[in-house]
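Got your viewer open and a selection box ready? Load the model shown here and follow along, one stop at a time.

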Amino acid sequence: MIETPSPNFNERKGPPDMVVLHYTGMMTGQAALERLCDPASQVSAHYLVEEDGRVFHLVAEERRAWHSGVSFWKGETDINGASIGIEIVNPGHEFGYTDFSPAQIDAVIGLLDHIRERWDIPDHRILGHSDVAPGRKTDPGERFPWQELAAHGHGLWVQPDMPPEGAMGPPLGMGDEGLGVFSLQSALGKLGYNILAGGPYDTETATVVTAFQRHWLPDQIGGDLEGRADAKLRVTLMALLRHISLTDA
């Protein structure tokens with residue numbers, strides 16, 4: 001681990017109980033590192049993971065790094081104060097989004113191994129930037145291998161049995177109303193997203209659904225189902241809520 005202190009932090013009000021994963025969204029890792037350590041930028045993270053697996057330690061975990069901006073999860077609005085932020089070098093959607101390297105993912109898994117030895121961070125609070133800020137951010141994006149992380153014991157991944165074809169009706173989408181939309185919005189809010197149940201399937205609902213897809217159904221991003229809630233999405237969402245309720249019991 002390479003110690004590269006950033007001045008961009010302040011005090012926490014309590015211990016962290018979340019991890020938020022980001023991609024850097026810049027042309028090079030060096031440019032991202034310089035920005036995260038520039039006092040004028042007023043942004044930082046606790047760690048940066050380069051493409052070759054090198055890990056830079058920027059801010060002590062006991063301090064509040066500035067990585068999430070305006071964000072929300074399960075009623076918490078100070079995500080920086082509640083979380084440890086990990087930036088993963090990748091040009092992102094703006095500069096030619098690529099797969100994350102095996103060395104990077106191995107390094108992230110190793111980081112999470114050690115972070116969770118020090119702090120009580122449940123699997124359902126290992127999230128992406130797009131989960132806590134779906135209206136603003138898309139990182140770490142649909143190429144991030146959440147399933148691989150979960151296979152190594154970090155984060156949630158479910159593969160529920162699907163009902164018979166047609167049993168849950170067509171996908172929900174823009175302008176739809178009724179109990180199905182209400183139930184979807186309610187379940188997304190219960191999971192943690194900043195959405196209130198009630199009203200039609202609107203742009204806000206579609207934005208949150210897309211964030212959910214980026215994390216748990218990445219193959220739906222870029223296709224006809226992006227931003228729409230089909231049976232697979234609704235079953236996956238309910239399976240996640242059941243898993244959380246059982247593990248928290």
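The tour below goes from the sheet to the pockets, then to a cavity and some salt bridges. One thing before you click: this is a predicted model.

**Stop 1: the sheet**

Switch to cartoon and pick out the open sheet of six strands, which runs in the order E1-E5-E4-E7-E3-E8 with mixed pairing. At its edges you'll find strand E1 (2-3) and strand E8 (126-128), each of which pairs on one side only.

Now select residues 83-88, which is strand E7. Is this strand enclosed or open to the outside? Six of its six residues are buried, so E7 is largely enclosed by the rest of the structure. Turn on the side chains and look along the strand: Ser83, Gly85 and Glu87 point one way, Ile84, Ile86 and Ile88 point the other way, and all are buried.

Add the neighbours. Strand E3 runs parallel to E7, and six bridges join the two. Click Leu21 to find one of the contacts, since its bridge partner in E7 is Ile86. Strand E4 (residues 47-49) is also parallel to E7, joined by three bridges. Here the residue to click is Leu48, which stands opposite Glu87 in E7.

Step across E4 and the sense flips: E4 and E5 pair antiparallel over three bridges. Val49 has Val55 as its bridge partner in E5.

**Stop 2: the largest pocket**

Keep Glu87 selected and add Thr24, Arg35, His129 and Lys137. What do these five have in common? Of the 26 residues lining the largest pocket, they are the closest to its centre. The pocket's volume is about 540 Å³.

Colour by element next. Strand E3 (18-23) and helix H1 (29-36) are the elements that give two or more residues to this lining. H1 gives the most, with three residues. If you're thinking about chemistry, colour the lining by residue class: 13 residues are polar, seven nonpolar and six charged.

**Stop 3: the second largest pocket**

Clear the selection and pick Val70, Ser71, Phe72, Val132, Ala133, Pro134, Gly135, Arg136, Asn194, Glu204, Thr207 and Val208, which line the second largest pocket. There is about 180 Å³ of space in here. Which element gives the largest share of the lining? That's helix H7 (residues 203-216), with three residues. By class, the lining has six nonpolar, four polar and two charged residues.

**Stop 4: a cavity**

How many cavities of 30 Å³ or more are there? The count is one, and its volume is about 50 Å³. To see what surrounds this cavity, select Trp73, Asp123, His124, Ile126, Leu127, Leu156, Leu191, His215, Trp216 and Ile244. Two elements you've already met, E8 and H7, each give two or more residues to the lining. The class split is seven nonpolar, two polar and one charged.

**Stop 5: salt bridges**

Now for the charged pairs. There are nine salt bridges in total, and three of them make good viewing.

Start with Arg118 and Glu61, whose side chains meet at 2.7 Å, N to O. This pair links distant parts of the chain: Arg118 belongs to helix H3 (residues 102-118), while Glu61 is in the loop between strand E5 (55-57) and strand E6 (63-65), 57 residues apart. Put a surface on and compare the two ends. Arg118 is partly exposed, with a relative accessible area of 46%, whereas Glu61 is buried at 4%.

Next, select Arg64 and Asp78, a salt bridge at 2.9 Å, N to O. Arg64 lies in strand E6 and Asp78 in the loop between E6 and helix H2 (79-82), so the pair ties together parts that are 14 residues apart in sequence. Arg64 has 18% relative accessibility, and it counts as buried because the cut-off for that is under 20%. Asp78, at 26%, is partly exposed.

Finish with Arg54 and Asp52, where the closest N and O atoms of the salt bridge are 2.8 Å apart. Are the two residues buried or partly exposed? Arg54 is partly exposed at 39% relative accessibility, and Asp52 is partly exposed too, with a relative accessible area of 46%.

Technical notes:
Residues are numbered from 1 along each chain as its sequence is written. This is a predicted model: local features need pLDDT of at least 70, side-chain atom pairs count only at pLDDT 80 or more; totals for chains, interfaces and linings use all residues. Side-chain values use heavy atoms; hydrogens and water are left out. On a 1 Å grid over the protein atoms alone, a cavity is a set of points where a 1.4 Å probe fits but cannot get out, and a pocket is an open set with protein on both sides within 12 Å along at least five of seven lines; lining residues have an atom within 4 Å of a point. Grid points are joined across faces, edges and corners, and a volume is the space filled by probe spheres set on the points. Helices (H or I, at least four residues) and strands (E, at least two) are DSSP runs, numbered from the N terminus. Ala, Val, Leu, Ile, Met, Phe, Trp, Tyr, Cys and Pro count as nonpolar, Asp, Glu, Lys and Arg as charged, and the others, Gly among them, as polar. A salt bridge is a side-chain nitrogen of Lys or Arg within 4 Å of a carboxyl oxygen of Asp or Glu. Buried means under 20% relative accessible area, exposed over 50%, partly exposed in between (1.4 Å probe, protein chains only). Two strands pair if DSSP finds at least two bridges between them.
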